[in-house]
Amino acid sequence: MKGRRLLITGAAGFTGRHAVAYFAAEGAEVTAVVRRSAAEASAFPAGVQPYVCDLGDRKAVAGMIGEIMPDQVLHLAGKNSVPESWQDPLLYMETNVMATLYLLEALRFQPASRILVAGSRLKYRPDSGAGPPHPYSLSKTLEELVSLAWGTLFKQPVLMAEPSNLIGPGPSTGFCSLLAQHIVRSEAAVGRGEAPPAAFRISSRHVQRDFLDVRDAVRAYGYILDQGETGKIYRIDSGAQRELGEIAGKLLAHAAAPVEMDWGPQHAEEGQAAASSASAVPAKPSSASADREVLQEEPEDNAAVLGWKPGIGLDRSLADIIGYTRAGKEGRI
């Protein structure tokens, strides 16, 4: 990795900030792509080169690739809110599909540049007979299809990664970070002598997820960029399914004040039925829900990341999330 020109899109986001810090420390010449202004780059380490580019602007993307001429590209940019995708589905097609195509097309003239596209477990299987559960799922499914097809058609070194639910310190909108924010708000309210905020809702404490620290995922991206096989989809996860109730309980153990919770169905059968119903008959989710629907995973379709294994335990991840949230940090990780 040392000395290689690495372009990271979505550099100001949750995973992007960790990726920029990690690869810069590994000696890569990192160009961190941000959308709006160089001010977003204030949290980046010294030596990282910020680059302002709207990935929805085809000419701007081509100009950026021609100027930087990266050896590797880590494409993390995109939108990932299921509720928001219902409100503006076209934006999700433009951001997750067309922007990726603009990047791939620009890289077609840099045939030695390897690109790793971060996909999603919330994709759906077009051959399953069921339609997409939400516009976000459709956008990530199309992103994967066009990325792999572009690589095949034009002999480009395109790779895909499918991380599980990423957690850790930073500006995340995932379940763990949202609950940590709720805990900190509750602590602040009690400290001011005010009523606690409304209860934090969990769809069911028995629904299971795989949670992986974002810092481990970033290390896996490095392995894939360096050693991955073109055209492969690499599955990245911790290997352990955890109930949401267990995760919530571990976070609540850090609380210094009472925290209002709405636990959803209290029995495993109810929770499993709710999860099964949600998968069988997808419904438009409430924007107030802190949980995300997860589709049936197909591990046999994915390749293992050779030489990589998670190194950060769940307890440390959760403690770091609480610490980050209490510190009110919005900048440097």
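Modeller: In this predicted model, helix α4 (residues 89-107) and helix α5 (residues 135-154) pack at an angle of about 15°, their axes 9 Å apart.

Biologist: What makes α4 roughly parallel to α5?

Modeller: The cut-off is under 35 degrees. The angle is about 15°. Therefore α4 counts as roughly parallel to α5.

Biologist: What is the hand of the crossing of α4 and α5?

Modeller: Right-handed.

Biologist: Which residues of α4 and α5 make the contact?

Modeller: From α4, they include Tyr-92, Met-93, Val-97, Leu-101 and Leu-104. From α5, they include Tyr-136, Leu-142, Val-146 and Trp-150. By class, the contact has 12 nonpolar, four polar and three charged residues.

Biologist: Now the sheet. What makes β7 and β11 edge strands?

Modeller: The order is β7-β9-β11, in an open sheet of three strands with mixed pairing. β7 (165-167) and β11 (241-243) each pair on one side only. The twist averages 55° from one strand to the next.

Biologist: How do you know that β9 and β11 count as paired?

Modeller: The definition asks for at least two bridges. Strand β9 (residues 208-213) has three bridges with β11, in the antiparallel sense. So the two strands pair. Arg-209 stands opposite Arg-242 in β11.

Biologist: Which strands does helix α8 touch?

Modeller: Helix α8 (residues 244-252) packs on the sheet and touches β9 and β11. Its direction makes about 70° with that of β11.

Biologist: Where does helix α10 lie?

Modeller: Helix α10 (residues 314-327) lies across β7, β9 and β11. It runs at about 60° to β7.

Terms used: Residues are numbered from 1 along each chain as its sequence is written. This is a predicted model: local features need pLDDT of at least 70, side-chain atom pairs count only at pLDDT 80 or more; totals for chains, interfaces and linings use all residues. Side-chain values use heavy atoms; hydrogens and water are left out. Helices (H or I, at least four residues) and strands (E, at least two) are DSSP runs, numbered from the N terminus. Axes are lines fitted to C-alpha atoms, for helices over the stretch in contact, and angles run from 0 to 180 degrees between N-to-C directions. Contact means heavy atoms within 4.5 Å. Angles under 35 degrees count as roughly parallel, over 145 as roughly antiparallel, 65 to 115 as roughly perpendicular and the rest as oblique. A crossing is left-handed if the near helix is turned anticlockwise from the far one by less than a right angle, and right-handed if clockwise. Ala, Val, Leu, Ile, Met, Phe, Trp, Tyr, Cys and Pro count as nonpolar, Asp, Glu, Lys and Arg as charged, and the others, Gly among them, as polar.
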